[in-house]
Amino acid sequence: MSNSVMTLRKTELASSTKPFVTRGSRVKRCELCLLPQQHCLCADKPMQGGRCAVIMLMAKGEYYKPSNTGRLIADVIAENYAFKWHRTMPQPELIALLDDPTYKPYVIFPHQYATPARRVSGVEDTKTPLFIFLDGTWREAKRMFTKSAYLQGLPVLGVQPDFHSNYRLREAAHDYQLSTAEVAIEVLKMAEENAAATALENYFTLFTERYLKGRPDRKDRG
């Protein structure tokens with residue numbers, strides 16, 4: 001299966017009336033991995049696999065950003081889907097996935113924001129796990145979690161990391177806030193998808209190193 005995040009990006013770029021311009025937009029990038037051409041990551045992409053499925057529910061514009069790590073998850077997990085977030089008008093394809101009886105969907109979000117009845121600490125093995133990642137800034141992710149009526153009845157799988165984020169491409173409000181890929185690594189471990197977790201962890205580390213090498217305003221932190 002292809003990378004659904006990159007497919008979404010191409011679709012949105014094709015329909016956009018103005019270019020997406022941000023810091024580093026003048027850097028010549030590989031069109032496939034979005035890293036600077038001299039630090040291209042394409043030759044190091046892992047083989048897709050995994051027994052689970054993932055949905056990347058993405059805030060507007062997140063799929064454009066070269067620093068986005070959700071697309072790394074789609075490079076690792078074979079069954080991957082990406083949708084642009086809509087508060088009241090979700091895509092029919094998204095709803096069909098959530099209603100498909102062959103899947104067991106889980107919203108991935110900290111437990112403190114969910115009611116006790118929705119909190120789960122493990123993954124069932126009777127159906128294919130369908131992990132839903134809310135991909136955006138922390139403020140955007142919280143809005144997606146609270147404002148999406150179609151997600152409200154789904155169980156919430158929380159991650160409680162005992163380490164600080166190694167993601168140095170954007171500033172986080174708190175040290176405990178992880179990038180989407182780092183959260184996915186922990187979720188895959190919880191689901192006993194150990195091979196996929198290891199592949200994503202190694203891929204994420206390499207991605208971060210290559211990205212920082214090619215950043216014009218490089219400032220190594222932490």
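Before looking anything up, I wrote down that a residue counts as buried when its relative accessible area is under 20%, as exposed when that area is over 50%, and as partly exposed in between. I also noted that I am working with a predicted model.

**Entry 1: the whole chain**

I began with the overall layout and found six helices and six strands in the protein. Reading along the sequence, I wrote their order down as α-β-α-β-α-β-β-β-α-β-α-α. The protein has 222 residues, and 48% of them count as buried. I then looked up the accessible surface, which comes to about 11900 Å², with 51% of it belonging to carbon and sulfur atoms. Turning to contacts with a separation of 6 or more, I found that residues 24 or more positions apart account for 77% of them.

**Entry 2: helix α1**

Next I followed helix α1, which runs over residues 4–15 and has 12 residues. From its first C-alpha to its last it reaches 17 Å, which is close to the 16 Å expected at 1.5 Å a residue. At the N-terminal end I found Asn3 acting as a cap, with a side-chain oxygen that lies 3.0 Å from the backbone nitrogen of Val5. Which residues of α1 are buried? I listed Ser4, Val5, Met6, Leu8, Arg9 and Glu12. The buried residues of this helix pack against strand β1 (49–58), helix α2 (70–76) and strand β2 (77–84).

**Entry 3: the nonpolar cores**

I then turned to the largest nonpolar core, which holds 39 residues, and noted that Ile77, Ile108, Phe131, Phe133, Val187 and Leu200 touch the most other members. The elements that give two or more residues to this core are α1, β1, α2, β2, β3 (103–108), β5 (128–135), α5 (180–190) and α6 (194–213). Helix α6 supplies the largest share, seven residues. A second core, separate from this one, has 23 residues, including Ile55, Ala59, Tyr103 and Ala114. To see one member of the largest core in its surroundings, I picked Val187. Leaving out residues up to four places away in sequence, Val187 touches Ile108, Phe131, Phe133, Leu157 and Val159.

**Entry 4: the salt bridges**

I reminded myself that side chains of opposite charge can pair when their charged atoms come close. A search of the whole structure finds five salt bridges, and I looked up three pairs, one after another.

In the pair of Arg210 and Asp44, the side chains meet at 3.1 Å, N to O. Arg210 lies in helix α6 and Asp44 in the loop between α1 and β1, so this pair ties together parts that are 166 residues apart in sequence. Arg210 has a relative accessible area of 19% and is buried, whereas Asp44, with 36%, is partly exposed.

Arg51 forms a salt bridge with Glu193, and their closest N and O atoms are 3.8 Å apart. Since Arg51 lies in strand β1 and Glu193 in the loop between α5 and α6, the pair ties together parts that are 142 residues apart in sequence. Are the two partners buried or exposed? Arg51 counts as exposed, at 56% relative accessibility, while Glu193 has a relative accessible area of 6% and is therefore buried, the cut-off being under 20%.

Last, I looked at Glu62 and Lys65, whose side chains meet in a salt bridge at 3.4 Å, N to O. Glu62 counts as buried, at 1% relative accessibility, and Lys65 is partly exposed, with a relative accessible area of 22%.

Conventions: Residues numbered from 1 in each chain as written. Predicted model: local features only at pLDDT ≥ 70, side-chain atom pairs only at ≥ 80, totals over all residues. Heavy atoms only, no water. Helix = DSSP H or I, 4+ residues; strand = E, 2+ residues; numbered from the N terminus. Expected span 1.5 Å × (residues − 1). Buried < 20%, exposed > 50% of the residue type's maximum accessible area, 1.4 Å probe, protein only. Contact = heavy atoms within 4.5 Å. Polar contact = N/O pair within 3.5 Å; in protein donor to acceptor, adjacent residues only side chain to side chain. Areas by Shrake-Rupley, 256 points an atom, 1.4 Å probe, with all protein chains shown as cover. Core = buried A, V, L, I, M, F, W, Y, C linked by side-chain atoms within 4.5 Å. Salt bridge = Lys/Arg side-chain N within 4 Å of Asp/Glu carboxyl O.
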